[in-house]
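This report describes selected features of one protein structure, under short headings. The topics are annotated domains, strand pairing and internal space.

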Amino acid sequence: MWYHKPVINEELLQSLPNLKIVASSGVGIDHLDLSLLSSYGVKVSNTPFVVSTDTADLGMALILASSRRLVEGYQMAVSPDTEYFPADWLGAEVSGATLGIVGMGTIGYKVAERAKAFEMKILYHNRNQRNKEEESAVGAIYCKKIDDLLQQSDFVLLSVNLTPQTHKLIGKRELELMKPTATLINISRGLVVDQDALVGALQNKVIKAAALDVTYPEPLPRDHPLLKLKSVIITPHIGSATKKTRHLMMENMTESIQAGLRGLPIPNEVI
């Protein structure tokens, strides 16, 4: 499967009685009905580890691009109407700011490693607290309650799997807890955020900005209000989109398929 295609439903499974494995690209499996697949005896694999470095890089890039208003600055610099650069056109500091990471898995932790180099104060909220050695290595402070993280962070970065528990995890209430100077960065799944609530929060200056690699749907309708806000940066779901990583993803999927067809233990099997 690539970009969630083909759609795996009961009709397809009934038409493929000899199907043994579905190899899905990327880390997310929210598009798969694991119970349905299991009932047909079909194994599932994904490619969770090879995407983490590039996705963390993109997360850091979105923090920097949003804080320093790079897209707006580029548009100003190349506009035929620009006659001078205003001295009061300012961005926000990244170095020394507080980054709150929601979801400290492999990707979230790699974002923390990058943020440490910018001398950021790092808070994180996760289902499970990481061990003291891992926390100390990046200077991360655990927030058992997400509310505490939201209230303190200058940048809130989402790096969680989409599950029933994380569906619209960030809604109107959570956005109102954030600082009015804060930026929301989403590198997980679009449905982790209530987009209507996000539009309202940005329009009413409840939060300052958003940088999104994921939305719902993808792409957004061309008249969607998020596309009209200068305080928003949107990229086309490119967390893993480098030549090397995409090649490695294909290799991982091929290895899993070969193992599945031979009845061998499947690398990266989703249980």
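## Annotated domains

In this predicted model, residues 3-270 are covered by the UniProt annotation "domain: D-isomer specific 2-hydroxyacid dehydrogenase catalytic", taken from an unreviewed entry. Helix makes up 37% of this span and strand 13%, and the C-alpha atoms at its ends are 18 Å apart.

The UniProt record, also an unreviewed entry, places a further feature, "domain: D-isomer specific 2-hydroxyacid dehydrogenase NAD-binding", at residues 60-239. For residues 60-239, the end C-alpha atoms lie 11 Å apart, with 32% of the span in helix and 16% in strand.

## Strand S6 and its partners

Strand S6 comprises residues 155-158, and its side chains point in two directions: Phe155 and Leu157 one way, Val156 and Leu158 the other. All four of these residues are buried.

S6 pairs with strand S3 (residues 98-102) in the parallel sense, over four bridges. Within this pairing, Leu158 of S6 is the bridge partner of Val102. S6 is also joined by four bridges to strand S7 (residues 183-186), and these two strands run parallel. Here Val156 stands opposite Leu184 of S7. Between S6 and S7 the chain passes through helix H8 (residues 172-177), forming a right-handed β-α-β crossover.

## The second largest pocket

The second largest pocket holds about 550 Å³ of space. Its lining consists of 28 residues, of which Glu72, Lys208, Ala209, Lys230 and Ser231 are the closest to the pocket centre. Two or more lining residues come from each of helix H3 (52-67), helix H4 (70-78), helix H9 (195-203) and strand S9 (232-234).

Helix H4 gives the most to the lining of this pocket, with four residues. By class, the lining of the second largest pocket contains 14 nonpolar, seven polar and seven charged residues.

## The enclosed cavity

Rolling a probe the size of a water molecule over the atoms reveals where empty space remains. Across the whole structure, a search finds one cavity of 30 Å³ or more. About 30 Å³ of space lies in the largest cavity.

Which residues line the largest cavity? They are Asn186, Gly190, Val193, Gln195, Leu198, Leu212 and Val214. This lining has four nonpolar and three polar residues, and no charged ones. One of the lining residues, Asn186, falls within the 183-186 range of strand S7, while Gln195 and Leu198 fall within the 195-203 range of helix H9.

Conventions: Residues numbered from 1 in each chain as written. Predicted model: local features only at pLDDT ≥ 70, side-chain atom pairs only at ≥ 80, totals over all residues. Heavy atoms only, no water. UniProt positions renumbered as here; feature names shortened; annotations may be inferred. 1 Å grid on protein atoms, 1.4 Å probe; cavity = no way out; pocket = protein on both sides within 12 Å on 5 of 7 lines; lining within 4 Å. Points joined across faces, edges and corners; volume = space filled by probe spheres on them. Nonpolar A, V, L, I, M, F, W, Y, C, P; charged D, E, K, R; others polar. Buried < 20%, exposed > 50% of the residue type's maximum accessible area, 1.4 Å probe, protein only. Pairing = 2+ DSSP bridges. Right-handed = clockwise from strand over helix to strand, strands pointing away.
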